[in-house]
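Visitor: Please take one buried position in this structure and look at it closely, then work outwards from there to the elements that surround it and to the rest of the fold.

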Amino acid sequence: MLSDSLAERLREILGHANLLLDPADCWTYGFDNSRRQLSPLAVAFPTTSDQIGQLIATARNNRIALVPRGSGTGTTGGAVPVENSIVMALERMDSIIDIDPGNRTMHVQPGVINDAVQQAAAEHGLFWAPDPGSSAFCTVGGNLAFNAAGPRAVKYGTTRENVLGLKAITGAGKEIVTGTNTTKGVVGYDLTRLIIGSEGTLAVITEATLKLLPLPESRRTVMASYASIDAATRAIISIMTQPVMPCAVEFIDRPAIDMIRDFSDADLPQHAGALLMVEVDGAVDCLDSSVQSVSAALNNDGLLEQRIATTEAESRQLWATRKALSPALRKIAPNKLNEDVVVPVTRIPDLIHGIERLSEQYHLSIVNFGHAGNGNIHVNLLYDNTDPAQDASARQCLRSLFTLVLELGGTLSGEHGIGIEKRDYISQEIDTASLDLMRKLKTVFDPDNILNPGKIFPSP
Ligand SMILES: Cc1cc2nc3c(=O)[nH]c(=O)nc-3n(C[C@H](O)[C@H](O)[C@H](O)COP(=O)(O)OP(=O)(O)OC[C@H]3O[C@@H](n4cnc5c(N)ncnc54)[C@H](O)[C@@H]3O)c2cc1C
């Protein structure tokens, strides 16, 4: 319950129009895509850095937590309130401050939607590489806090590789300016890369300098279907060892193909054990030879069929297959566990075989697809979480999956982050000394533990 004096202080800082206090209104800011929900005491919509500084000072004085929030599309509970917390919704700080085509940079506030960045950059023949599937809704602040990425990451990198600098306010209330406006720079520790991916636990990002890239002249998509998973995973390795770097290498396994077939009118080859979607981009003159190189790499004794799109419309049709997957999955198993593990590309075959074994051992349907060029596979455990036996089995299976991934030299999350969902697994990957150092860094940035507590670190 918010005290009258604290409510009054929040009104002084933000004004009536930028504050929600009614529990019914606050409830609508209590969730994200993890399906967790908890109502905050209030929702604050700061519109300036100064207001953020004052909110942090007030939260420290009153020992109340602040939970930064973009659009709430995160899948691991990063933006979900904790007990006794105020949500700091950054959605009204949504200005593109400037675009500098000569230096290929854009300065933005954190609440700008990813697609708005892309549209503004495209007017200058540029783009920003991070392309999460949620780009129509998610904010740059959320992209930075989770180091988000999509299919293009295989060629252009994740958010971390595409941000030059930041302005942020730490949990101690200090405004910091990190990084540079230039694409080279090596002065001091790299605080930009530390804050990116820190899930709102160290500082509130108030501005970012995005690194833009020239839009490719054209792109071509190839879809290849294989008789078996083995053949498809061999093709992934061949793709990554030939000289043309594709801008997407997406993988879909047999259960996922069956699901797409059942829930859409996609025309997919019968008996396919796995599908690959590969895209190349670049100058028009070079595309034919790039497609040839990729097509040769895709060809092996398990290849059933290759379709090469020659027009934008054909390309969109091929991608519609991949896009049909998420809605189909949500329909079949609304309570699925959707993991985003990563292994070195050459270990993808071992991962997929290991997952098949886990599926048998725990009697669970498991559907796999994802950004194979980065070794980033979305492993979906389909089960009914209202059945205690299935729920327990899925949780055990998840721990075994993480053990397998780490044995293969991988990591627990490629893009969704840790949040609340995976904090009890983080010590499976991060050694004690490193975790202790991370806890100390948290204390330096946020001495009173007011910024997004209860996230990332294992529960006590
Ligand atoms: C349909 C769908 C598809 C998706 N596809 C992808 C995908 O392809 N790739 C991918 O990486 N993710 C994907 N996601 C996950 C999610 O969209 C991304 O993680 C996105 O970056 C979250 O942005 P958001 O604005 O919704 O952030 P939120 O969910 O609101 O917050 C995410 C985290 O950022 C913190 N935060 C937000 N703003 C700030 C700030 N200004 N300063 C400090 N911390 C802040 C929050 O505290 C929280 O910890 C998908 C989600 C959905 C629902």
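Guide: A residue is called buried here if 20 or more other C-beta atoms lie within 10 Å of its own, and exposed if that number is 12 or fewer. The model is a predicted one, and the position I would choose in it is M106, which has its place in strand β6. M106 has 24 C-beta neighbours inside 10 Å and therefore counts as buried. When its neighbours within four places in sequence are left aside, the residues in contact with M106 are I96, I99, V117, A121, L210 and L212. As a reference point elsewhere in the chain, I52 stands 54 residues away from M106 in sequence, and the distance between their C-alpha atoms is 22 Å.

From this residue one can move to its strand, β6, which covers residues 105-108 and pairs with β10 in the antiparallel sense over 4 bridges. Within that pairing, T105 stands opposite K211 in β10, while the bridge partner of H107 in β10 is T209. Strand β10 itself spans residues 203-211, and 8 of its 9 residues are buried, so this strand is largely enclosed by the rest of the structure. A further antiparallel partner of β10 is strand β8, residues 163-170, which is joined to β10 over 7 bridges; in this pairing V163 has L210 of β10 as its bridge partner. L210 has already appeared among the contacts of M106.

These strands belong to an open sheet of 5 strands, whose order is β5-β6-β10-β8-β9 and whose pairing is antiparallel. Its edges are taken by β5 (96-100) and β9 (175-179), each of which has a single partner strand, so that one side of each is left without a neighbour in the sheet. On average, and with direction ignored, neighbouring strands of this sheet are turned by 15° against each other.

Helix α3 lies across β8, β9 and β10 of this sheet and runs at about 45° to β8. The same helix, residues 49-62, also packs with helix α1, residues 4-14, at an angle of about 165° and with the two axes 10 Å apart. That angle makes α1 roughly antiparallel to α3, and the crossing in which α1 passes α3 is right-handed. On the side of α1 the contact is made by L6, R9, I13 and L14, and on the side of α3 by Q51, Q54, L55, T58 and N62. Sorted by character, the residues of this contact comprise 4 nonpolar, 4 polar and 1 charged.

Just beyond the helix comes R63, in the loop between α3 and β3 (65-69). The phi of R63 is near 50°, which is a positive value in a residue other than glycine. In contrast to the buried M106, R63 counts as exposed because it has 10 C-beta neighbours inside 10 Å.

Further along the chain there is another open sheet, made of 7 strands in the order β15-β12-β14-β13-β17-β18-β16, again with antiparallel pairing. Here the edge strands are β15 (303-308) and β16 (337-342), each with a single partner strand, so one side of each is left without a neighbour in the sheet. Its neighbouring strands are turned by 15° against each other on average when direction is ignored. Within it, strand β12 (residues 218-226) pairs with strand β14 (residues 274-282) over 9 bridges in the antiparallel sense, and R220 stands opposite V280 in β14.

Helix α10, residues 284-298, lies across β12, β14 and β15 and runs at about 155° to β14. Helix α8, residues 229-241, packs with α10 at an angle of about 145°, their axes being 8 Å apart, and passes α10 in a right-handed crossing. The residues that make this contact are A235, S238 and I239 of α8 together with V294, A297 and L298 of α10; they divide into 5 nonpolar and 1 polar, with no charged residue.

A last loop position to set beside R63 is H363, between α13 (348-361) and β17 (365-371). H363 is not a glycine, although its phi is positive at about 55°. With 11 other C-beta atoms within 10 Å, H363 is exposed.

Terms used:
Residues are numbered from 1 along each chain as its sequence is written. This is a predicted model: local features need pLDDT of at least 70, side-chain atom pairs count only at pLDDT 80 or more; totals for chains, interfaces and linings use all residues. Helices (H or I, at least four residues) and strands (E, at least two) are DSSP runs, numbered from the N terminus. Two strands pair if DSSP finds at least two bridges between them. Axes are lines fitted to C-alpha atoms, for helices over the stretch in contact, and angles run from 0 to 180 degrees between N-to-C directions. Angles under 35 degrees count as roughly parallel, over 145 as roughly antiparallel, 65 to 115 as roughly perpendicular and the rest as oblique. A crossing is left-handed if the near helix is turned anticlockwise from the far one by less than a right angle, and right-handed if clockwise. Two residues are in contact if their C-beta atoms, placed from the backbone, lie within 7 Å. Ala, Val, Leu, Ile, Met, Phe, Trp, Tyr, Cys and Pro count as nonpolar, Asp, Glu, Lys and Arg as charged, and the others, Gly among them, as polar.
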